[in-house]
Amino acid sequence: MLQSGGEMLAAAPEGLVKEATTQSFVKDVIEESKRQPVLIDFWAPWCGPCKQLTPILEKVVKAAKGKVKLVKMNIDDHPAIPGQMGIQSIPAVIAFVDGKPADGFMGALPESQVMAFLERLTKDKIGGEAKDLLKAADAALIEGNAAAAADIYAQLLSEDSANVHALAGLARCYVETGAIEKAKQTLALVPESKRNEAPVAAARAALDVAEQASLVGPVAELEHKVLGNPLDHQARFDLAVALNAKGKRAEAVDHLMEIVKRDRKWNEDGARKQLVQFFEAWGPADEATVAGRKRLSSILFA
């Protein structure tokens with residue numbers, strides 16, 4: 001899946017979202033609601049709040065995986081049904097169950113409230129599977145199994161291409177396997193407004209650290225420099241970056257801690273800042289992060 005990550009943003013399952021007409025209303029809404037709840041979204045092209053609500057409705061309905069369906073009706077093209085139902089302002093969403101209106105709301109609600117509305121309607125939690133899959137993918141990544149993690153992240157993205165956590169996770173998988181350009185392309189898919197979320201920040205830190213490693217020399221050469229001059233902080237710093245790139249996180253922490261202990265102010269507190277970036281890139285649950293943070297705290301606040 002790592003090789004095809006750029007193509008895995010597939011469409012959601014078909015049939016969960018469709019357009020309805022006056023003629024198809026009975027079939028698409030009344031009859032269909034006898035099998036599972038159906039939401040009908042009354043909208044119009046000129047309605048600003050409709051443009052905010054409809055994508056949220058589609059996302060939440062797709063997350064429900066068949067427990068509910070969404071039917072959209074343009075009231076300009078098909079005014080008869082909303083007229084009969086007394087719809088006077090839009091967006092208006094009516095839920096049909098067993099062939100009859102059962103619930104509804106008006107106006108553009110945030111995603112959390114739409115999710116709560118659907119959970120009341122279906123009497124079931126929505127999106128729990130995705131959270132479990134994210135946990136499994138994150139765990140696989142921490143354990144060093146980037147291929148397995150990438151498969152799960154890609155599965156989640158095939159169902160919701162805007163899943164920021166999964167995008168960030170897939171980018172980290174690419175970093176772990178050395179596919180730096182693909183990692184950059186994947187992170188570029190994250191909306192500007194969500195680029196400071198924790199999973200995205202962690203992926204960006206991992207990418208930065210990987211790029212740093214390409215600029216330093218071989219481990220053996222750097223180790224020789226440090227042995228020859230233990231006060232060569234730049235060589236020790238570069239060695240830490242190189243060791244991290246080889247997966248030797250504990251050793252990388254050791255060298256950066258040594259710089260912090262010997263000269264906290266070196267390179268404008270560069271060693272501590274690099275440690276913090278490592279911790280962000282590795283993630284809060286990583287053993288090296290947990291141990292490293294404790295050691296750093298003991299030095300800084302001794």
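Which residues does Val71 touch, not counting residues up to four places away in sequence? Keep that question in mind as you open the structure, which is a predicted model.

**Stop 1: Val71**

Select Val71, which sits in strand 3 (residues 69-74). Now show its surroundings: Val71 touches Lys18, Ala20, Asp28, Val29, Val38, Leu39, Ile40 and Asp41, with residues up to four places away in sequence left out of the count. Val71 counts as buried because its relative accessible area is 2%, and the cut-off for buried is under 20%. For a sense of distance, add Tyr174 to the selection: Val71 and Tyr174 lie 103 residues apart in sequence and 38 Å apart in space, C-alpha to C-alpha.

**Stop 2: Ile87 and the cis peptide**

Next, move to the loop between helix 3 (80-84) and strand 4 (92-97), where you will find Ile87. Is Ile87 buried or partly exposed? Its relative accessible area is 21%, so Ile87 counts as partly exposed. Setting aside neighbours within four places in sequence, Ile87 is in contact with Phe42, Pro82, Ala92 and Ile94. Ala130 makes a good distance marker here: Ile87 and Ala130 are 43 residues apart in sequence, and their C-alpha atoms are 35 Å apart in space.

Stay in this loop and select Pro91, which is also placed between helix 3 and strand 4. The peptide bond joining Ile90 and Pro91 is cis, with omega at about 0 degrees. As background, most peptide bonds are trans, and most residues other than glycine have a negative phi.

**Stop 3: two positive phi angles**

That background also applies to the next two selections. Lys65 is not a glycine, yet it has a positive phi of about 50 degrees. Look for Lys65 in the loop between helix 2 (48-63) and strand 3. With 43% relative accessibility, Lys65 counts as partly exposed.

Then select Asp98, another residue that is not a glycine but has a positive phi, here about 55 degrees. Asp98 belongs to the loop between strand 4 and strand 5 (100-106). Its relative accessibility is 54%, and Asp98 therefore counts as exposed.

**Stop 4: helix 12**

Now select residues 249-262, which form helix 12. The 14 residues of helix 12 should span 20 Å at 1.5 Å a residue, and the end C-alpha atoms are indeed 20 Å apart. Colour its buried residues: Ala252, Val253, His255, Leu256, Met257, Ile259 and Val260. Helix 11, helix 13 and helix 14 are among the elements that cover them.

**Stop 5: helix 13**

Helix 13 covers residues 270-282. It has 13 residues and reaches 18 Å from its first C-alpha to its last, close to the 18 Å expected. Which of its residues are buried? They are Gly270, Ala271, Gln274, Leu275, Gln277, Phe278, Phe279, Ala281 and Trp282. These buried residues pack against helix 7, helix 9, helix 11, helix 12 and helix 14. Step past the end of helix 13 and you meet Gly283, which has a positive phi near 95 degrees.

**Stop 6: helix 14**

Continue to residues 287-300, helix 14, where 14 residues reach 20 Å from first C-alpha to last, close to the 20 Å expected. Its buried residues are Ala288, Thr289, Gly292 and Leu296. They cover an arc of only 90 degrees around the axis, which puts them on the same side of helix 14. That buried set packs against helix 12 and helix 13. Turn to the other side of helix 14 and you will see Glu287 and Lys294, both exposed. Zoom in on the start of helix 14 as well: a side-chain oxygen of Asp286 comes to within 2.8 Å of the backbone nitrogen of Ala288.

**Stop 7: the second largest pocket**

For the last stop, switch on a surface. The second largest pocket has a volume of about 460 Å³. It is lined by 22 residues, and those closest to its centre are Val175, Glu176, Asn244, Ala245 and Arg249. Two or more lining residues come from each of helix 5 (128-142), helix 7 (164-176), helix 9 (198-213), helix 11 (233-245) and helix 13. Which helix gives the most to this lining? Select helix 9, which gives four residues.

Technical notes: Residues are numbered from 1 along each chain as its sequence is written. This is a predicted model: local features need pLDDT of at least 70, side-chain atom pairs count only at pLDDT 80 or more; totals for chains, interfaces and linings use all residues. Side-chain values use heavy atoms; hydrogens and water are left out. The expected span of a helix is 1.5 Å times one less than its number of residues. Buried means under 20% relative accessible area, exposed over 50%, partly exposed in between (1.4 Å probe, protein chains only). The arc is that of the directions from the helix axis to the C-beta atoms. Contact means heavy atoms within 4.5 Å. A polar contact is a pair of N or O atoms within 3.5 Å; within protein, one must be able to donate a hydrogen and the other to accept it, and residues adjacent in sequence count only if both atoms are side-chain atoms. On a 1 Å grid over the protein atoms alone, a cavity is a set of points where a 1.4 Å probe fits but cannot get out, and a pocket is an open set with protein on both sides within 12 Å along at least five of seven lines; lining residues have an atom within 4 Å of a point. Grid points are joined across faces, edges and corners, and a volume is the space filled by probe spheres set on the points.
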